[in-house]
Structures are given as C-alpha cells and as structure tokens.
Amino acid sequence: MTHGIDTDFMVAAEIRDHPFHRAAGALLESLLAAGHDLALAPQTVAEFIHVVTDPKRMPQPLGMGDAVARAEQWWRAAEVVRVFPADPAVEDFLGWLRRHQLGRKRLLDTLLAATFRGAGVKRIITNNERDFRLLGEFEIVPYRS
C-alpha cells in the first residue's frame, strides 16, 4: 500500500534532534520492511527545504545545499512514488476550500491532500491529523513516540 508523506514526517525522519525523530524512523523502517511505498509530492519537497533551513523553526537549521541533498535522496528513492497535482486535484482543492470554509493557513495541506486523492493514495503519514481528518478521505497514520 502507498502512504502519502506529509512534510512534518519528512522533517522528523531527517532531523536527528527532532522530538519525533526516533518514532518517524521506526515507522519508516517498518513500512519499508513490509514492502509499502511512499507517495511524495513536489510541494512537500519544497516545504521540507523551507522548514529545515528556517532558523525560526530549527535550532540548528540546515544549509540550502544539505537541505536540497536530503530532499533529492527522498525524491529519487526507489520506494517513493512521485505524485503531482493534475486538474482533478485542483478541482478537489478548490472545492474543499469552499465546502469546509478553509483559510489561508490550510492551503498547502489541502492541496497536498487533493494531490494524494488524485493519485489514489488513501493513507497519510502525519502528526497533524486535524489538517486532513476534516476532508473525510484518508486514514491518518501518526508516528508519535
């Protein structure tokens, strides 16, 4: 089964001093050992680089070169299925914004959810359950320790 990756999971898996690093690593190892794939969207790659290089969010931010190299490893991994927002995903995105009266702080996660839905992804790995649960489309896979 394919599991969509939210940015928070990717950050936790990559940043050793992240509070959920160990839990994210254990979940990643378990999923890969069981033969699951990971869905990754370009917007998640961009948000990952933005977060891990931000000194307001990271006590020890990565330099751009390191952040890009880590993002490239994820993007090119054999276990990763690359997913992209096509016309139906944008229609879902706009419809969900309207239907659920979502504001500007929900744009990225809503587009990510629409991208996953368009690719047939039913599970999302995230600790931000409320960002996706409202949509009623996904099984949430948390990784808290």
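Student: Among contacts in the protein between residues at least 6 apart in sequence, what share joins residues at least 24 apart?

Tutor: First off, this is a predicted model: local features need pLDDT of at least 70, side-chain atom pairs count only at pLDDT 80 or more, and totals for chains, interfaces and linings use all residues. Residues are numbered from 1 along each chain as its sequence is written, and side-chain values use heavy atoms, leaving out hydrogens and water. A contact here means heavy atoms within 4.5 Å. With a sequence gap of at least 6 required to enter the count, the share of contacts joining residues at least 24 apart is 61%.

Student: Okay, and in what order do the elements run from the N terminus?

Tutor: Helices (H or I, at least four residues) and strands (E, at least two) are DSSP runs, numbered from the N terminus. The protein has seven helices and five strands. Read from the N terminus on, the order is β-α-α-β-α-α-β-α-α-β-α-β.

Student: What is the radius of gyration of the protein?

Tutor: This value is taken over C-alpha atoms, and the globule rule to hold it against is 2.2 Å times the number of residues to the power 0.38. For 145 residues that rule gives 15 Å, and the protein comes close to it, so it is as compact as a globular protein of that length. Along its principal axes, the C-alpha trace spans about 40 × 35 × 30 Å. The radius of gyration itself is 15 Å.

Student: How much of the protein counts as buried?

Tutor: Buried means under 20% relative accessible area, exposed means over 50%, and partly exposed is in between (1.4 Å probe, protein chains only). Apply that cut-off to the 145 residues, and the buried share is 45%.

Student: Which residues touch the most other members of the largest nonpolar core?

Tutor: A nonpolar core is a set of buried Ala, Val, Leu, Ile, Met, Phe, Trp, Tyr and Cys residues joined through side-chain atoms within 4.5 Å. In soluble globular proteins, nonpolar side chains tend to be buried together. The largest core has 27 residues, and those touching the most other members are Phe9, Leu38, Trp74 and Ile125.

Student: Which elements each supply at least two residues of this core?

Tutor: There is also a second, separate core of 18 residues, with Phe116 among its members, but you're asking about the largest one. Its suppliers of at least two residues each are helix H1 (7–14), helix H2 (21–33), strand E2 (37–40), helix H3 (42–52) and helix H4 (64–76).

Student: How many residues of H1 are buried?

Tutor: H1 is mostly covered, and what covers its buried residues includes strand E1 (2–5), H2, E2, H3, H4 and strand E4 (123–125). Phe9 and Met10 are among the buried ones, and Trp74 touches both of them. The tally for H1 is eight of eight.

Student: Is Phe116 buried or exposed?

Tutor: Phe116 sits in helix H6, and the residues it touches, leaving aside those up to four places away in sequence, include Ala39, Val83 and Phe138. Its C-alpha atom is 7.7 Å from that of Ala39, although the two are 77 residues apart along the chain. The relative accessibility of Phe116 is 0%, so it counts as buried.

Student: Where is Thr44 found?

Tutor: At 1% relative accessibility, Thr44 counts as buried. Its contacts beyond four places in sequence include Thr7, Met10 and Leu112. Thr44 and Pro19 are 25 residues apart in sequence and 20 Å apart in space, C-alpha to C-alpha. The home of Thr44 is helix H3.

Student: What does Asp131 touch, not counting residues up to four places away in sequence?

Tutor: Asp131 lies in helix H7 (residues 130–133), and its 7% relative accessibility makes it count as buried. One partner, found in the loop between H5 and H6, is also buried, at 15% relative accessible area: Arg106. The full list for Asp131 is Arg106 and Asp109.

Student: Last one: near what value is phi of Gln101?

Tutor: Gln101 is in the loop between helix H5 (87–99) and helix H6 (107–118). At 73% relative accessibility, it counts as exposed. Most residues other than glycine have a negative phi. Gln101 is not a glycine, yet its phi is positive, near 50 degrees.
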